[in-house]
Amino acid sequence: AGAGVAVAAIAYLRQRLRPKLVLYYHPISQPARATWALARALDPRGRLVELRVVALEQGEHKSEAFLAINPVGAVPALSDGKGWGLGESHAIMRYMCAVLPGGHRLYPSAWRPKARARCDEYLAWHHSHTRQGVPFFFHKHACRMFGAQPDPTKQSAGREQYEKAAVHINNHFLLETGGPFLGGKTPSIADLVCYAELGPLQWDDELGPFLFNLERIAAWLRAMRAQKWHAEVMAQTRGLMRVRRSE
């Protein structure tokens, strides 16, 4: 009994001493949406991570207060509320997995080197491949909310990038792990990052049919939709999309 009390006391002290993190995000930003999904996956009640929306439409990300947290002036950003700040979504997600309870489930520990390496492989590949398709989403669905006009040429080039990335994910990443997730049987931060980009496209009238014709991608999309954070995190983005079909 005494040992149990001691363990409970240590857990309580850790909880009290752990600084509450503040995540700055915008729901339309794909990298920020991935960190938001992770925050909800690890801390569904919001006790350890406070969420703050940065009004990109009003230029809040270029304000002096925000630049003190992330000098790059981009979301997402993470702060401990005591003057320490961190930018770059993948760095933020790795840090959150390191300090929040249950993080090892979404970013494999060093004791699972192959699982971690596969997750890192996708994260390293993402920026120069999947992420390059973002002009399609921006120019078709989001540009007007930021005062910009659609550019059909950039939209078309973005679509091509998304299609190439989806085919490679279907034929390599999901095949190598046996699915349904990029890391195997359970989701990882690689899935959250990838879904932030490709997830909304399942509701697009052009790319939706393309994605669902890729067998492993289709199964992955269904598995990601079943995550508890999905409805909250994807709601505003889905509202921008031209819904392909009712589910």
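**A walk around one predicted fold**

Hi everyone. Let's start with E206, which is partly exposed, with a relative accessible area of 27% (buried is under 20%, exposed is over 50%, and partly exposed lies in between, using a 1.4 Å probe and protein chains only). What you see above is a predicted model, where local features need pLDDT of at least 70 and side-chain atom pairs count only at pLDDT 80 or more, while totals for chains, interfaces and linings use all residues. Residues are numbered from 1 along each chain as its sequence is written, and side-chain values use heavy atoms, leaving out hydrogens and water.

So who does E206 meet? Its side chain forms a salt bridge with that of R159, at 2.6 Å from N to O (the rule asks for a side-chain nitrogen of Lys or Arg within 4 Å of a carboxyl oxygen of Asp or Glu). This pair connects distant parts of the chain: R159 sits in helix α8 (residues 152-177), E206 sits in the loop between α9 and α10 (207-212), and 47 residues separate them. Helices here are DSSP runs of H or I with at least four residues, strands are runs of E with at least two, and both are numbered from the N terminus. R159 is partly exposed as well, at 28% relative accessible area. The story goes beyond two residues, since salt bridges with shared partners join K140, R159, E163, D204, D205 and E206 into one network. If you are new to this, side chains of opposite charge can pair when their charged atoms come close.

How many salt bridges does the rule find? The count comes to 12. Let me show you another of them, D120 with R94, where the closest N and O atoms are 3.0 Å apart. Here again distant parts of the chain are linked: D120 belongs to helix α6 (residues 113-126), R94 belongs to helix α4, and the two are 26 residues apart. Both ends are partly exposed, with D120 at 23% and R94 at 30%.

Stay on α6 for a moment and find R118 and E121. Their side chains meet in a salt bridge of 2.5 Å, N to O. Why are they about one helical turn apart? Because they are 3 residues apart in helix α6. R118 is partly exposed at 25% relative accessibility, and E121 is partly exposed at 31%.

Now turn to helix α4, residues 89-99. Which of its residues are buried? They are S89, H90, I92, M93, M96 and C97. These residues lie on the same side of α4, because they cover an arc of only 160° around the axis, taken from the directions running from the helix axis to the C-beta atoms.

Just before that helix, have a look at E88, in the loop between β4 (85-87) and α4. E88 has a positive phi of about 70°, although it is not a glycine. At 53% relative accessible area, E88 counts as exposed.

Helix α9 makes a nice contrast with E88. Here 10 of 10 residues are buried, so by the cut-offs α9 is mostly covered. Among them are L192, V193, A196 and E197.

That brings us to the inside of the model. The structure holds 1 cavity of 30 Å³ or more, meaning a set of points on a 1 Å grid over the protein atoms alone where a 1.4 Å probe fits but cannot get out. About 50 Å³ of space lies in the largest cavity; the volume is that filled by probe spheres on grid points joined across faces, edges and corners.

Which residues line the largest cavity? The lining is Q30, P31, A34, S89, H90, H126, H127, R131, V193, A196 and E197, each with an atom within 4 Å of a point. Three helices, α2 (30-42), α4 and α9 (189-198), each give at least two residues to this lining. Sorted by class, there are 4 nonpolar, 5 polar and 2 charged residues (Ala, Val, Leu, Ile, Met, Phe, Trp, Tyr, Cys and Pro are nonpolar; Asp, Glu, Lys and Arg are charged; the others, Gly among them, are polar).

Two last stops. I28, in the loop between β1 (21-25) and α2, counts as buried at 4% relative accessibility. The C-alpha atoms of I28 and M234 are separated by 9.0 Å, with their positions 206 residues apart along the chain.

Finally, find P76, in the loop between α3 (64-67) and β3 (77-79). Is the peptide bond from V75 to P76 cis or trans? The bond is cis, with omega near 5°. Thanks for listening!

Methods
1 Å grid on protein atoms, 1.4 Å probe; cavity = no way out; pocket = protein on both sides within 12 Å on 5 of 7 lines; lining within 4 Å.
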